[in-house]
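Dear colleague,

I am handing over the structure below, and I would be grateful if you could look through it alongside the notes that follow.

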Amino acid sequence: MQFLAFQTVGGHKIFFRGQKYMCDEECFLKRRLGKSGTVSAILRMQALLTVLAVLVFSASGALAESCLTASDMDAATRGALTNTSVRYFDMIAKGDVASLRQNAIPSLAADFSGIEGTVKQNQPALASSKATGRPPFLLEVNGTAPLPRAEFFCGVFGSGGQTKDSAAFSINGLAPGKYGVVILDAPSSKGPYSVSLILQQIGSDWKIGGLYIKAAQFGGHDSNWFINRAREYQSKAQAHNAWLYYLVARSLISPLPFMSTAATDKLYDDSQKLQPADFPADGKTADLSAGTVTYKLTALFPEVVGNDLDLIVRYQAADVSNTNQTYQANVAVMKALLTKYPELRDAFASVVARAVDPSGRDYGTMLAMKDIK
């Protein structure tokens with residue numbers, strides 16, 4: 001039984017469909033955790049747990065999901081999760097895809113191409129690395145059917161929301177079972193990496209249900225560097241650049257897109273007030289005029305492409321089958337975007353415009369900033 005619905009993007013197995021879910025899920029968690037008095041009582045004030053749970057959740061929902069932190073779980077389970085993850089990491093560092101596949105849950109083993117691509121892409125950087133595991137989490141779903149949205153609030157929550165060792169997870173389509181979430185920190189010659197393993201208990205074994213490998217730096221810069229740059233842009237009244245650099249900072253500090261921590265919540269708070277009203281967001285398009293044509297932008301976000309930080313813009317197109325015509329439209333979108341927001345030239349190396357038609361087909365064009373005139 002697969003851990004949840006995967007999608008393969010750029011050779012990676014990811015858990016949600018696209019960049020916007022990072023904000024969507026964290027925004028959802030933030031709204032929930034904003035009710036800090038109630039949530040804190042549910043999670044940690046054991047004497048009032050049952051009464052308060054009834055006030056916030058339905059009885060079935062309160063029983064459906066539970067989460068244990070490392071300090072809450074028994075030593076045998078904690079040791080099994082940590083030791084198993086380190087063993088799987090050694091397979092990743094050696095590029096031993098065959099052994100990883102043998103230790104995957106059946107549905108993932110049947111379609112292992114995404115995991116294989118992820119391992120091969122990152123194995124050179126991790127080859128000589130020795131990973132250190134963070135305290136694991138144990139998630140449990142009861143019942144007989146997958147939950148449309150499973151929510152887990154793990155650890156101590158204070159009056160201000162999350163604390164240093166807490167975490168929250170929001171996962172779609174999670175089937176009944178026990179799942180371990182283990183994040184390993186792996187130093188490498190290319191900078192620090194995080195390797196996150198989602199393990200599902202099958203019998204007495206912990207099998208691989210998901211793998212997520214992320215560099216914790218880009219271009220030698222960590223999340224704090226991008227936060228400082230965002231603040232610099234903000235001080236220059238370049239709110240669009242500031243917002244986009246906050247997104248990079250949140251991505252670098254977030255090992256998993258469906259996980260929220262005190263650090264990611266703080267970045268959310270700091271950046272939310274800067275979210276540009278004229279950028280597409282939350283399923284709403286934004287208009288961009290280019291001469292007599294108005295394009296409907298559906299997404300605008302930063303992305304690491306090779307060794308560069310590029311800006312990705314997606315927009316609606318009636319048809320992309322005529323590639324010459326679509327190329328011209330892509331270039332027109334890039335020029336109009338930089339005309340409207342000239343500050344973007346200083347923050348990104350290139351722009352990638354992707355036209356997407358109603359069937360989901362897309363056609364992309366990349367141009368360096370110096371070539372967009």
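Across which strands does helix 10 lie, and at about what angle does helix 10 run to strand 15? Helix 10 (residues 239–253) lies across strand 15 and strand 16, and its direction is at about 40° to that of strand 15. Helices (H or I, at least four residues) and strands (E, at least two) are DSSP runs, numbered from the N terminus, while axes are lines fitted to C-alpha atoms, for helices over the stretch in contact, with angles running from 0 to 180 degrees between N-to-C directions; contact means heavy atoms within 4.5 Å.

Please bear in mind that this is a predicted model, in which local features need pLDDT of at least 70 and side-chain atom pairs count only at pLDDT 80 or more, whereas totals for chains, interfaces and linings use all residues. Residues are numbered from 1 along each chain as its sequence is written, and side-chain values use heavy atoms, with hydrogens and water left out.

The sheet comes next. Its 5 strands form an open sheet in the order 14-15-16-17-18, with mixed pairing, where two strands pair if DSSP finds at least two bridges between them. The edge strands, each pairing on one side only, are strand 14 (286–290) and strand 18 (362–368), and the twist averages 35° from one strand to the next. Strand 15 (residues 293–305) and strand 16 (residues 308–316) run antiparallel and are joined by 8 bridges, with Val305 standing opposite Asp308 in strand 16. Helix 12 (residues 323–340) lies across strands 14, 15, 16, 17 (350–356) and 18, running at about 50° to strand 18.

After helix 10, in the loop that leads to strand 13 (259–260), lies Pro255, which is buried, with a relative accessible area of 8% (buried means under 20%, exposed over 50%, partly exposed in between, with a 1.4 Å probe and protein chains only). Not counting residues up to four places away in sequence, Pro255 touches Arg134, Ile183, Ser194, Ser196, Tyr212 and Lys214.

Finally, a search of the whole structure finds 1 disulfide, that is, a pair of cysteine sulfur atoms within 2.5 Å. The disulfide is formed by Cys67 and Cys154, whose sulfur atoms are 2.0 Å apart, and the torsion about their S-S bond is about 115°, so the disulfide is right-handed. Because Cys67 lies in strand 3 (residues 65–68) and Cys154 in strand 6 (residues 147–154), the pair ties together parts that are 87 residues apart in sequence. Cys67 is buried at a relative accessible area of 16%, and Cys154 is buried at 0%.

With best regards
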